[in-house]
Amino acid sequence: MRLIMFCLVASLAASTARAEILFHDRAFADAVVDYNLISGYNDPTSALGRNDWTADMVGVNQWGSEIGTSLGNGGYLTMEFVDNEVGGSGDSDKDLWVFEIGGIPEELQIEISIDGSSWLDVGVADRASATVDYGVGVDIDQYFTVGNGYDTSTRFRYVRVSDTGNNSYNMFNKAGADIDAVAAIYPLSNQTTSVPEPATLLLLLFGLALLPRRRCR
Ligand SMILES: [Ca+2]
Ligand SMILES: [Ca+2]
Ligand SMILES: [Ca+2]
Ligand SMILES: [Ca+2]
């Protein structure tokens, strides 16, 4: 299941047509709550809504401030999900996808919140390599404990992404981690469209399940 979800999100970023089949627009973050962007590409709204990045931008790193925003050294961006929420899958599958983009993979501290004031740190998300240009997934279930009271029934409305200070800051416009979009994967039924052609989705899932593992690493 993890492999399928990884491929599924990968195809989401790689193909607009498939993205429209699989994920509803509402799966993506809806509003900017707070930010401190220490870069030239400092329009936080470019991180809202559906992902804009396409693979043909990777070679020459040609993407504009309308595609994504750059956090800069120690910068952060807090977003709210208004027409959807973030939940845990109940296992180690990725629950949240951060479309960190650009020719240099850069790491992010990720926090989530129910109310925007009390935060759960869900670790550092780090893209595997520049070839994984569609971002990085986050599993939030591993941070649920009896002590914090969070479980698969908990729904989070806020996500804060912060630059760790360990990234590349040579290009001011694109300093630090670069965010194109943030999407909730779980609860799955709330984030996916009601597909008008179920056969298409089934064929896609079947095809993805048959992909050689190495293609998805
Ligand atoms: Ca949304
Ligand atoms: Ca999970
Ligand atoms: Ca950058
Ligand atoms: Ca964007």
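In this text, donors are N, O and S atoms within 2.8 Å of the metal (3.2 Å for Na, K and Ca), and since water is not among the atoms, sites may look incomplete. The structure is a predicted model, in which local features need pLDDT of at least 70 and side-chain atom pairs count only at pLDDT 80 or more, while totals for chains, interfaces and linings use all residues. Residues are numbered from 1 along each chain as its sequence is written, chains are lettered from A and ligands numbered from 1 in the order in which they are written, and side-chain values use heavy atoms, with hydrogens and water left out.

**Exercise 1. Describe the site of the calcium ion (ligand 1) and state which parts of the chain are tied together by R26 and N84.**

Step 1. The calcium ion (ligand 1) is coordinated by R26 (O), F28 (O), D30 (OD), D30 (OD), D83 (OD) and N84 (OD1), at 2.3 to 2.5 Å. Along the chain, these donors follow the spacing R-x1-F-x1-D-x52-D-N.

Step 2. R26 lies in the loop between α2 (16–22) and β1 (31–36) and N84 in the loop between β3 (76–80) and β4 (96–100), so the pair ties together parts that are 58 residues apart in sequence. Helices (H or I, at least four residues) and strands (E, at least two) are here DSSP runs, numbered from the N terminus.

Step 3. The angles among the 6 donor atoms are 54 to 174 degrees, and the site is irregular. For this term, four donors count as tetrahedral if all angles lie between 85 and 135 degrees, four count as square planar and six as octahedral if opposite donors are over 155 degrees apart and all others between 65 and 115, and anything else is irregular.

Step 4. Buried means under 20% relative accessible area, exposed over 50%, and partly exposed in between (1.4 Å probe, protein chains only). R26 is partly exposed, with a relative accessible area of 28%, whereas N84, at 5%, counts as buried.

**Exercise 2. Which residues coordinate the calcium ion (ligand 2), and are D91 and D95 buried or partly exposed?**

Step 1. The calcium ion (ligand 2) has as its donors S89 (OG), D91 (O), D93 (O), D95 (OD), D95 (OD), D139 (OD) and D141 (OD), at 2.2 to 2.6 Å. The donor residues are spaced S-x1-D-x1-D-x1-D-x43-D-x1-D in sequence.

Step 2. D91 counts as partly exposed at 36% relative accessibility, while D95 counts as buried at 0%.

**Exercise 3. Follow D178 from the site of the calcium ion (ligand 3) to the largest cavity and to strand β9.**

Step 1. The calcium ion (ligand 3) is coordinated by E106 (OE), K174 (O), G176 (O), D178 (OD) and D178 (OD), at 2.2 to 2.9 Å, and the spacing of the donors along the chain is E-x67-K-x1-G-x1-D. G176 is buried at 0% relative accessibility, and D178 is buried with a relative accessible area of 3%.

Step 2. The largest cavity has a volume of about 80 Å³. Of the 12 residues that line this cavity, the closest to its centre are I104, E106, M171, K174 and D178. On a 1 Å grid over the protein atoms alone, a cavity is a set of points where a 1.4 Å probe fits but cannot get out, and lining residues have an atom within 4 Å of a point; the volume is the space filled by probe spheres set on the points, which are joined across faces, edges and corners.

Step 3. D178 stands opposite S70, and β2 and β9 (residues 178–184) run antiparallel, joined by 2 bridges. Two strands pair if DSSP finds at least two bridges between them.

**Exercise 4. In what order do the strands of the open sheet that holds β9 stand, and which strands are at its edges?**

Step 1. The 4 strands of this open sheet stand in the order β2-β9-β4-β7, with antiparallel pairing. β2 (69–70) and β7 (136–138) are at the edges, each with a single partner strand, so one side of each is left without a neighbour in the sheet.

Step 2. β4 and β9 pair in the antiparallel sense over 5 bridges, and L96 has A184 in β9 as its bridge partner. In β9, 7 of the 7 residues are buried, so this strand is largely enclosed by the rest of the structure.

**Exercise 5. Which strands are joined to β8, and by how many bridges?**

Step 1. β3 is joined to β8 by 5 bridges, and the two run antiparallel, with E80 opposite Y158 in β8.

Step 2. Strand β5 (residues 108–113) and β8 also run antiparallel, joined by 6 bridges, and Q109 stands opposite S162 in β8.

Notes:
On a 1 Å grid over the protein atoms alone, a cavity is a set of points where a 1.4 Å probe fits but cannot get out, and a pocket is an open set with protein on both sides within 12 Å along at least five of seven lines; lining residues have an atom within 4 Å of a point.
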